[in-house]
Each structure stands twice: as structure tokens, then as C-alpha cells.
Amino acid sequence: AQALIADLAERLTPRDAEILDAVWEHRVLTTDQLTAIFFPSVHRARHRLLALHELRALDRFRPWAPTGSRPWHWFLGPAGAHHLAAQRGITPAELRYRPDSAASIALSSRLTHQVGVNEFFTQLHATARRTKGSAVTAWWPERRCAALWGDLARPDAYGRWTEDGHTLDFFLEHDTGTEPLSRVVAKLDGYAALAEATGITTPVLFWLPNPTREANLRKLMTSAT
């Protein structure tokens, strides 16, 4: 195992290291998402991701689809987990890595939601790469947010967008249309409590699946105020 880790460390590029950090932090990212964040083309992405897979730095699965095929979903592989743990002076277990990660992620009822949250930030990264003076300077996943603010609010993610010297912090609520809108609106109470406790008012961005649900949410919010 030590020889495998040492060999991996010699082969990793700075971009590879960022990719391993990203898939660990955000649990699962698709080929297209990793392309948008890190690569100039999907061809280059596929070639390098396959190499990392062969090195066992990354692992992958393809969710079942009733028709057609889904993209590869990438997550941290065993060698990648050992590498990240060694970099931090901890064990893979302390890194929260599990050998059965593929099953736990692939079979998770929250997979679609997780990929959706990551897609939002992927598109922000893609926009930043095309827009001079723009950058995603923070992207914290749900578990990190829960550790910091979970007693009051549990956002799906926290982000910071910078453009032309201006910075906007925000919480993301990714709504997939599976819960009553009344429950979505009720989440604002937690954010209000968080703002009161910290003295910092941070915008909450609700990302909804369609214009009709957005319009209905706006009506409900208006009637609740």
C-alpha cells in the first residue's frame, strides 16, 4: 500500500490534486462536471480521469437509466483516499472514507439531489472560466454547513462569488419539487435565526426545477410576510 501511495504521489499533477480534493469534498462529480471545472475539453477530461481511475485515485459508477445511458459519476478511490489522508496527517477512516463508498453513494436516495447541487456550482465555475475577473472563491458542501450552522439552518451549500472586485456570499437551497412548498418556506425561519445569532445577513438562493414552482413559491412567501 505504501508503494502504491508513493507511486501515486509522484504521478499526480497539481490539477489532479485539486480533482481529488473536489470529489472528496463534494462526494460525487460527473465527467461533464469535472470537465467544466478543470479541463479545456471533455476528451482531455476523459483521458486524465481514466488514468486516475487506473491508479485507483478515483473510482466511478454509472447510475442505471430506463433509457439511454447516464454519465460516469466519479468519487474518491482507495489510493486517492490514502493520499489525501497522508497529506493531512490522518487515516483514511478519519477522512470519512469507506471502502464501500460506491454502493453508499450510488444507492443513496439523495444522489440526484447531490449531483444537482454540484451542477449549480459547476456551472458557476464554467461561467467564471469564461468571464474575466470572476471566480467561485468558496463552495462548501452540506456536511460542512451542517457542522457550522446546523443547529439553526441547514443549507445545501454555501458559496461565494467574486466579480470585478465585488463579492457575494449566499446559501443555496436546491429544490427538486419533492417536498411541499410550505416546508420550503419554513426553512427561512432558520436562516432568520442564523442571521440574528451571527449579526450577518446572507442571501438565500432557492434554485427550483421550473418557473411554475418558482411562481408558486413567490406567492407563498408573499402571503407569509
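**Helix packing, aromatic pairs and selected loop residues**

Ala-195 is found in helix H9, which spans residues 181–198. In this predicted model, the C-alpha atom of Ala-195 is separated by 41 Å from that of Ser-41, a residue 154 positions apart from it along the chain. When neighbours within four places in sequence are left aside, Ala-195 is in contact with Ile-200 and Thr-201.

Helix H3, formed by residues 31–38, is largely enclosed by the rest of the structure, because 7 of its 8 residues are buried. The buried residues are Thr-31, Gln-33, Leu-34, Thr-35, Ala-36, Ile-37 and Phe-38. Several elements contribute to their cover. Among the helices, these include H2 (14–25), H4 (42–54) and H7 (111–130); among the strands, they include S1 (29–30), S3 (73–76) and S4 (134–141).

One residue of helix H7 illustrates this cover. Thr-122 lies in H7 and is itself buried, with a relative accessible area of 1%. Not counting residues up to four places away in sequence, Thr-122 touches Leu-29, Gln-33, Ala-36 and Ile-37. Of these contacts, Gln-33, Ala-36 and Ile-37 are among the buried residues of H3.

Two helix pairs were examined for their geometry. Two packed helices are described by the angle between their axes and the distance between the axes. For H3 and H4, the axes come within 9 Å and cross at roughly 110 degrees. An angle of 65 to 115 degrees counts as roughly perpendicular, and H3 and H4 are therefore roughly perpendicular to each other. Their crossing is right-handed. On the H3 side, the contact involves Thr-31, Asp-32, Leu-34 and Thr-35, which meet Val-42, Ala-45, Arg-46 and Leu-49 of H4. By class, the residues of this contact comprise 4 nonpolar, 2 polar and 2 charged.

The second pair consists of H2 and helix H5 (residues 78–88), whose axes come within 11 Å and cross at roughly 100 degrees. H2 and H5 are therefore also roughly perpendicular to each other. Here Leu-20, Asp-21 and Trp-24 of H2 meet Gly-80, His-83, Leu-84 and Arg-88 of H5. The contact of H2 with H5 is made up of 3 nonpolar, 2 polar and 2 charged residues.

Aromatic side chains form a further set of contacts, and the structure holds 12 aromatic pairs. In one of them, Trp-140 and Trp-149 are stacked, with 5.9 Å from centre to centre and 20 degrees between the planes. Trp-149 counts as buried, at 16% relative accessibility. Trp-140 also pairs with Tyr-158; the ring centres are 4.7 Å apart and the planes stand at 50 degrees, so this pair is tilted. The pair of Trp-140 and Tyr-158 links distant parts of the chain, since Trp-140 belongs to strand S4 and Tyr-158 to strand S5 (residues 157–163), with their positions 18 residues apart in the numbering. Tyr-158 counts as buried, at 5% relative accessibility. Elsewhere among the aromatic residues, Phe-120, Phe-121, Trp-139, Phe-170 and Trp-207 form one aromatic cluster.

Trp-139, a member of this cluster, is also touched by a loop residue, His-26. His-26 lies in the loop between H2 and S1 and counts as buried, at 5% relative accessibility. Besides Trp-139, His-26 touches Gln-114, Asn-118 and Pro-141, residues up to four places away in sequence not being counted.

The loop between H2 and S1 also contains Arg-27. In contrast to the buried His-26, Arg-27 counts as partly exposed, at 33% relative accessibility. The backbone of Arg-27 was considered in this context. Most residues other than glycine have a negative phi. Arg-27, although not a glycine, has a positive phi of about 70 degrees. A positive phi is also found at Arg-56, with a value of about 65 degrees, and this residue is likewise not a glycine. Arg-56 lies in the loop between H4 and strand S2 (58–61). At 46% relative accessibility, Arg-56 counts as partly exposed.

Notes
Residues are numbered from 1 along each chain as its sequence is written. This is a predicted model: local features need pLDDT of at least 70, side-chain atom pairs count only at pLDDT 80 or more; totals for chains, interfaces and linings use all residues. Side-chain values use heavy atoms; hydrogens and water are left out. Buried means under 20% relative accessible area, exposed over 50%, partly exposed in between (1.4 Å probe, protein chains only). Helices (H or I, at least four residues) and strands (E, at least two) are DSSP runs, numbered from the N terminus. Contact means heavy atoms within 4.5 Å. Axes are lines fitted to C-alpha atoms, for helices over the stretch in contact, and angles run from 0 to 180 degrees between N-to-C directions. Angles under 35 degrees count as roughly parallel, over 145 as roughly antiparallel, 65 to 115 as roughly perpendicular and the rest as oblique. A crossing is left-handed if the near helix is turned anticlockwise from the far one by less than a right angle, and right-handed if clockwise. Ala, Val, Leu, Ile, Met, Phe, Trp, Tyr, Cys and Pro count as nonpolar, Asp, Glu, Lys and Arg as charged, and the others, Gly among them, as polar. Rings of Phe, Tyr and Trp (its six-membered ring) pair if their centres lie within 6.5 Å; planes under 30 degrees apart count as stacked, over 60 as edge-to-face and the rest as tilted.
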